[in-house]
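Work through the exercises below with the sequence and the model side by side, and try each task before reading its solution.

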Amino acid sequence: MEVMRILHMNKGNGETSYAKNSIVQSNIISLGRRVMDEALKKLMIRNSEILSFGIADLGCSSGPNSLLSISNIVETIQNLCHDLDRPVPELSLSLNDLPSNDFNYIFASLPEFYDRVKKRDNNYESLGFEHGSGGPCFVSAVPGSFYGRLFPRRSLHFVHSSSSLHWLSQVPCGEVNKKDGVVITADLDNRGKIYLSKTSPKSAHKVYALQFQTDFSVFLRSRSEELVPGGRMVLSFLGRSSPDPTTEESCYQWELLAQALMSLAKEGIIEEENIDAFNAPYYAASPEELKMAIEKEGSFSIDRLEISPVDWEGGSISDDSYDIVRFKPEALASGRRVAKTIRAVVEPMLEPTFGQKVMDELFERYAKLVGEYVYVSSPRYTIVIVSLLRMD
């Protein structure tokens with residue numbers, strides 16, 4: 001699977017588009033807002049002489065969320081500068097995603113973004129957007145993988161990423177062996193599944209964890225070059241609270257999708273061999289795995305690390321109030337909404353292997369499976385939010 005080519009959300013503005021089905025990701029951005037505001041405040045207080053502020057949002061995607069994060073960042077900086085009685089610095093805002101992302105959607109949304117900033121600021125000229133030209137706020141797109149360098153050395157002060165770092169740079173390979181001095185990489189043995197599950201072999205657990213550690217280390221090393229000393233990062237993504245990577249919080253959405261695919265295979269609509277060959281480039285990391293990678297890389301210290309559960313539609317939940325009773329029609333309707341959200345994200349990955357013609361049937365079956373599961377359970381995602389300081 002060529003991740004650089006197929007890892008993008010459903011494009012456009014149709015019924016199955018990411019633009020129409022990204023409320024979960026929007027809620028995750030909101031969930032991390034307090035930690036982001038705290039990090040920006042510490043950064044601004046420490047750096048009173050910043051004249052040009054380099055900001056990057058990594059994995060911006062497309063749709064209404066693509067400009068939500070930088071809009072929040074600009075608002076927070078405006079408010080902080082007002083409170084600190086200092087002028088707003090020049091802002092360089094870089095939006096990053098893979099080249100296959102729908103950047104045209106983002107470019108078409110920029111005039112509306114500038115208008116929102118203008119309306120939000122009573123003293124519009126204090127931000128520098130004179131005559132609607134954009135003033136000292138410069139927005140640019142930087143296509144490329146964040147598992148590698150994207151920006152010049154020490155050009156950034158703040159990096160943000162939401163709902164992105166659970167995606168890996170590649171599908172993990174099987175265990176690597178050497179024979180006669182030649183490295184042999186086996187295919188990942190995870191038959192009947194498309195991600196880790198209770199029935200996956202331990203070798204699959206091992207290579208997924210190793211791929212995450214490799215990728216996240218490269219991510220940290222790349223950002224350490226690009227951030228100024230004292231710069232900050234706030235990252236939020238799907239993870240898990242348990243050391244076990246096969247708990248329902250970290251993998252059951254994939255388990256149900258595998259069941260839907262297997263039902264198609266049993267009817268001869270798709271080939272079971274294609275399911276065996278497909279594995280998602282995804283990993284829900286635990287806090288311990290994050291800490292280990294951060295400490296090993298050595299350029300960052302953890303300022304804050306939080307875990308927040310949300311339901312499969314993105315709603316915040318608390319452990320003592322989430323055992324809710326649903327009526328069957330309500331659960332099935334929830335299943336349809338969840339399926340549309342998942343489809344908007346994973347359909348471009350599935351189409352090259354299983355074909356576009358089966359997607360409607362696949363996600364109808366998936367919606368029913370999710371609805372039945374929601375009726376008898378209280379599924380949740382675990383959101384990991386980590387605030388990091390680039391050490392001097």
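The exercises that follow concern a predicted model, and each task is followed by a worked solution.

**Exercise 1. The chain as a whole**

Task: Find how many helices and strands the protein chain has, and what share of its residues is buried.

Solution: Begin with the secondary structure, where the protein chain shows eleven helices and nine strands. Turn next to accessibility: of the 392 residues in the protein chain, 57% are buried. Finally, look at the contacts with a separation of 6 or more, of which 81% are between residues 24 or more positions apart.

**Exercise 2. The sides of helix α9**

Task: Determine which residues of helix α9 are buried and which are exposed, and then state what the buried ones pack against.

Solution: The first step is to go through residues 287–297, which make up helix α9, and pick out the buried ones, namely Pro-287, Glu-289, Leu-290, Ala-293, Ile-294 and Glu-297. These residues lie on the same side of α9, because the arc they cover around the axis is only 165 degrees. A general point helps here: an α-helix has 3.6 residues a turn, so residues three or four places apart point the same way. The second step is to turn to the other side of α9, where Glu-295 and Lys-296 are exposed. The third step is to list the partners of the buried residues of α9, which pack against α6 (202–226), β7, β8 (300–311) and β9 (380–390). Just after the helix, Gly-298 has a positive phi of about 90 degrees.

**Exercise 3. Helix α2 and Ser-26**

Task: Identify the buried residues of α2, and then describe the surroundings of Ser-26.

Solution: In α2 the buried residues are Val-24, Gln-25, Ser-26, Ile-28 and Ile-29. The buried residues of this helix pack against α3, α4, β4 (156–162), β7, α10 and β9. Now take Ser-26, which has its place in helix α2; its relative accessible area is 16%, and it is therefore buried, the cut-off being under 20%. Leaving aside residues up to four places away in sequence, Ser-26 touches Asn-65 and Leu-68.

**Exercise 4. The largest cavity**

Task: Give the volume of the largest cavity, and work out which elements contribute two or more residues to its lining.

Solution: Counting cavities of 30 Å³ or more gives one, and the largest cavity has a volume of about 40 Å³. Its lining consists of Ile-28, Ile-29, Gly-32, Arg-33, Met-36, Ser-69, Asn-72, His-160, Val-234 and Ser-236. The elements that give two or more residues to this lining are α2 (23–31), α3 (33–46), α4 (68–83) and β7 (227–239). Sorting the lining residues by character leaves four nonpolar, five polar and one charged.

**Exercise 5. Aromatic pairs**

Task: State how many aromatic pairs the whole structure holds, and compare where the rings of two such pairs lie.

Solution: The search of the whole structure returns 18 aromatic pairs. One of them joins Phe-113 and Tyr-114, a tilted pair with 5.5 Å centre to centre and 55 degrees between the planes; both Phe-113 and Tyr-114 are buried. Another joins Phe-278 and Phe-354, whose ring centres are 5.8 Å apart and whose planes stand at 50 degrees, so this pair is tilted. The Phe-278 and Phe-354 pair links distant parts of the chain, since Phe-278 lies in the loop between α8 (272–277) and α9, while Phe-354 lies in helix α10 (residues 328–354), 76 residues apart. Phe-278 is buried at a relative accessible area of 2%, and Phe-354, at 8%, also counts as buried. Ring pairs further link Phe-146, Tyr-147, Phe-212, Phe-216, Phe-219 and Tyr-283 into a cluster.

**Exercise 6. Positive phi in two loops**

Task: For Asp-85 and Ser-163, decide in turn whether each is buried or exposed.

Solution: As background, most residues other than glycine have a negative phi. Asp-85, however, has a positive phi near 55 degrees and lies in the loop between α4 and β2 (90–97); with a relative accessible area of 71%, Asp-85 is exposed. Ser-163 likewise has a positive phi near 55 degrees and is found in the loop between β4 and β5 (176–179), but at 15% relative accessibility Ser-163 counts as buried.

Notes. Residues are numbered from 1 along each chain as its sequence is written. This is a predicted model: local features need pLDDT of at least 70, side-chain atom pairs count only at pLDDT 80 or more; totals for chains, interfaces and linings use all residues. Side-chain values use heavy atoms; hydrogens and water are left out. On a 1 Å grid over the protein atoms alone, a cavity is a set of points where a 1.4 Å probe fits but cannot get out, and a pocket is an open set with protein on both sides within 12 Å along at least five of seven lines; lining residues have an atom within 4 Å of a point. Grid points are joined across faces, edges and corners, and a volume is the space filled by probe spheres set on the points. Helices (H or I, at least four residues) and strands (E, at least two) are DSSP runs, numbered from the N terminus. Ala, Val, Leu, Ile, Met, Phe, Trp, Tyr, Cys and Pro count as nonpolar, Asp, Glu, Lys and Arg as charged, and the others, Gly among them, as polar. Buried means under 20% relative accessible area, exposed over 50%, partly exposed in between (1.4 Å probe, protein chains only). The arc is that of the directions from the helix axis to the C-beta atoms. Contact means heavy atoms within 4.5 Å. Rings of Phe, Tyr and Trp (its six-membered ring) pair if their centres lie within 6.5 Å; planes under 30 degrees apart count as stacked, over 60 as edge-to-face and the rest as tilted.
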